[in-house]
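This report introduces a single protein chain to a reader who has not met it before. Please keep the sequence and the structure in view while reading.

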Amino acid sequence: MGRIHYDRDRLEEAMDRIVERTKRMDMSWDWPCGVAYYGLAEAYEVTKKEGYLEFLKERVDELIDLGLPAWTVNTCAMGHCLITLYQATGDEKYMDIICSKTEYLRKDALRFGDHVLQHTVSANNDFPEQCWADTLFMAAFFLLRVGVMTKDEELTGDALNQYYWHIQYLQDENTGLWYHGYNNITKDHMSGFYWGRANCWAAYTMSKVGLILPECYLYPQYLEIVGSLNEQLSALKLLQTEKGLWRTILNDGESYEELSASAGIAAAMTLKGNPLHIKYIEKSIEGVLAHVAADGRVTEVSGGTAVMKDRDGYRNISKKWIQGWGQGMALAFFAAVLNYDNIAGDGAL
């Protein structure tokens, strides 16, 4: 396998800045914090910098003491950093919350069709029978990690079922790209745009399955996942901009370049381990580094985005402010690059 050429010291210094700026963010127990702290946890796993873990433990413990919210698909995103904290400390309080989240997803979360998780952001039925790519990161990937960690085949099977059906509902087989959402009542993709961050959620989480699922090749759903990812990445590489980034509407040359999607897509390419992607990854390293401000803020990250009604709805989302998902996905990308030489590709699959 080829090598990625990059300056390790420069990358680690940028990660330190991103972590320090993330520490100053007042994020509560929800998905922005979940993605940010996932990235921080990935940075810890690769660098083993104790300061990263100490902050994570201190802040998560504070949030636990303040009281946890009702579970939704989105609040389950905080489960990712709990896995890292449990594995690092052995403290059962983290596992108790992990189990509470998995039981919610297993028994109480709204579903439709073939047991597919409906995307939920509150206690209300906000999006009846809607499937969003976001759910893969917030819930399906979390279920898979817990299923593998606890050797719970039922949980692992549920996670793989989520991947399978999200692929069927959201990927356009003609282009390889993913739509943002699917409405099972109206049987359509609503406004029907290839939103950048939706493709990040899909690509990143699919690229992780083969790395964490033992004997992944024995699961028929995994072969669906790897086929989907291969198609998606071969399409995405052609849409990378000259700056090594991707746009908020991927195939719209008038849409702005968006950093959380760019980092997540580049991270997926890195984790996939295909040497043909190295030149795109190296371009993305420079593209993302150029958007890490001196104080560690990842810039040009779009705000929280529902399935918008039209093209202007996506193109006019503000990218002025710091966002947890921008911080987190940049850290996840850089962590993947640092770990590239240890990643075993999926061979001929």
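The buried residues of helix α1 are covered by elements that include α2, α3, α11 (278-289) and α13. The model described here is a predicted one. The buried residues in α1 are Leu11, Glu12, Ala14, Met15, Ile18, Val19, Arg21 and Thr22. With 16 residues, α1 reaches 23 Å from its first C-alpha to its last, close to the 22 Å expected at 1.5 Å a residue.

**The nonpolar core**

The largest nonpolar core holds 129 residues, and the members that touch the most others are Tyr37, Val60, Leu105, Phe333 and Phe334. Helix α13 (residues 324-338) supplies the largest share of this core, 11 residues. In soluble globular proteins, nonpolar side chains tend to be buried together. Apart from neighbours within four places in sequence, Phe334 is in contact with Leu11, Ala14, Met15, Ile18, Val288, Leu289 and Val292. Leu11, Ala14, Met15 and Ile18 are among the buried residues of α1.

**Helix α6**

Helix α6 covers residues 134-150; at 1.5 Å a residue its 17 residues should span 24 Å, and the end C-alpha atoms are indeed 24 Å apart. The helix nevertheless bends by about 30° at Ala140. Of its 17 residues, 14 are buried, so α6 is largely enclosed by the rest of the structure.

Val146 is one of the residues in α6. Because its relative accessibility is 3%, Val146 counts as buried. Leaving aside neighbours within four places in sequence, Val146 is in contact with Ile83, Ile98, Thr102 and Leu155. Val146 and Ile98 stand 48 residues apart along the chain, yet 7.9 Å separates their C-alpha atoms.

**Aromatic residues**

The model contains 20 aromatic pairs. One of them joins Trp29 and Trp71 in a tilted arrangement, with 6.5 Å from centre to centre and 35° between the planes. Trp29 lies in the loop between α1 (8-23) and α2 (31-47), and Trp71 in the loop between α3 (50-66) and α4 (79-89), so this pair ties together parts that are 42 residues apart in sequence. Trp29 is buried, because its relative accessibility is 5%. Trp71, at a relative accessible area of 15%, is buried as well.

A lysine also meets the ring of Trp71: the charged end of Lys101 sits over it, 3.7 Å from its centre. Likewise, the charged end of Lys319 sits over the ring of Tyr256, at 5.2 Å from the ring centre. Elsewhere, one aromatic cluster is formed by Trp31, Tyr38, Phe137, Phe141, Trp201, Tyr204 and Trp325.

**Residues with positive phi**

Most residues other than glycine have a negative phi. Which residues have a positive phi although they are not glycine? Two examples are tabulated below.

| Residue | Phi | Location |
|---|---|---|
| Lys48 | near 60° | loop between α2 and α3 |
| Glu129 | about 50° | loop between β2 (116-117) and β3 (130-132) |

Lys48 counts as partly exposed, because its relative accessibility is 46%. Glu129 is likewise partly exposed, at 29% relative accessibility. A positive phi, near 55°, is also found in Lys151, which follows α6.

Technical notes: Residues are numbered from 1 along each chain as its sequence is written. This is a predicted model: local features need pLDDT of at least 70, side-chain atom pairs count only at pLDDT 80 or more; totals for chains, interfaces and linings use all residues. Side-chain values use heavy atoms; hydrogens and water are left out. Helices (H or I, at least four residues) and strands (E, at least two) are DSSP runs, numbered from the N terminus. The expected span of a helix is 1.5 Å times one less than its number of residues. The bend at a residue is the angle between axes fitted to the seven residues ending there and the seven starting there. Buried means under 20% relative accessible area, exposed over 50%, partly exposed in between (1.4 Å probe, protein chains only). A nonpolar core is a set of buried Ala, Val, Leu, Ile, Met, Phe, Trp, Tyr and Cys residues joined through side-chain atoms within 4.5 Å. Contact means heavy atoms within 4.5 Å. Rings of Phe, Tyr and Trp (its six-membered ring) pair if their centres lie within 6.5 Å; planes under 30 degrees apart count as stacked, over 60 as edge-to-face and the rest as tilted. A charge sits over a ring if NZ of Lys or CZ of Arg is within 6 Å of the ring centre and within 35 degrees of the ring normal.
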